[in-house]
Amino acid sequence: NNNLFNVKLISKHNRIKDSIFHNDILKYYSLLYKADFLILSGGQSIYEAMYLEKLIIPVGLTCNQKKNINDLKKCGIFKYSLNSKKLESNEIIIKNFLNHYISYDNQHNYSKKIHGYLDLKGPERINKLIQKILND
């Protein structure tokens, strides 16, 4: 059913009653942890949210963010993303996202893809690199 969710786009300047719009950096990690799903720019924040296994709708605001999103789409991590220049189509994208991820199987598959992508060995690789530099 495509009408399962009634979505109204919100922004800092166009709030709907009882909606939440956050941009307080001091509460960022607390909010990230508590969220069911997130709409985030396509930079570092998507990797932090992926680590926490959050469902994400990324939006590319800069060239490098758009590249990150496209690369993650090619890996099968992201199925949906918002377009900052085509706001009228974003409501449909959000509805499709919500309808897709209401399924536990789709959520579980997303989680498996994240675990396959994030190997969590970055600190180990950095440590080896520093040791190599110090020993050369």
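Let me begin with a word that I will use throughout: a residue is called buried when its relative accessible area is under 20%, and exposed when that value is over 50%. Please keep in mind that what we are looking at is a predicted model.

With that in hand, consider helix H3, residues 63–74, in which Gln 65, Ile 69 and Leu 72 are buried. These three cover an arc of only 65° around the axis, which puts them on the same side of H3. The general background is that an α-helix has 3.6 residues a turn, so residues three or four places apart point the same way. On the face turned away from that buried side, H3 carries the exposed residues Cys 63, Asn 64 and Lys 74. And what do the buried residues of H3 pack against? They pack against E1, H2, E2 and H5.

Let me take strand E2, residues 55–59, from that list, because five of its five residues are buried, so the strand is largely enclosed by the rest of the structure. Both of its faces are covered, with Leu 55, Ile 57 and Val 59 buried on one side and Ile 56 and Pro 58 buried on the other. Strand E1, residues 37–41, runs parallel to E2 and is joined to it by five bridges, and Ser 41 stands opposite Val 59 of E2. Together with helix H2, residues 44–51, the strands E1 and E2 make a right-handed β-α-β unit.

Finally, helix H5, residues 104–117, contains His 108, which counts as partly exposed at 35% relative accessibility. His 108 and Glu 53 are 55 residues apart in sequence, while their C-alpha atoms are 9.9 Å apart in space.

Methods
Residues are numbered from 1 along each chain as its sequence is written. This is a predicted model: local features need pLDDT of at least 70, side-chain atom pairs count only at pLDDT 80 or more; totals for chains, interfaces and linings use all residues. Side-chain values use heavy atoms; hydrogens and water are left out. Buried means under 20% relative accessible area, exposed over 50%, partly exposed in between (1.4 Å probe, protein chains only). Helices (H or I, at least four residues) and strands (E, at least two) are DSSP runs, numbered from the N terminus. Two strands pair if DSSP finds at least two bridges between them. A crossover is right-handed if, with the strands pointing away from the viewer, the path from the first strand over the helix to the second runs clockwise. The arc is that of the directions from the helix axis to the C-beta atoms. Contact means heavy atoms within 4.5 Å.
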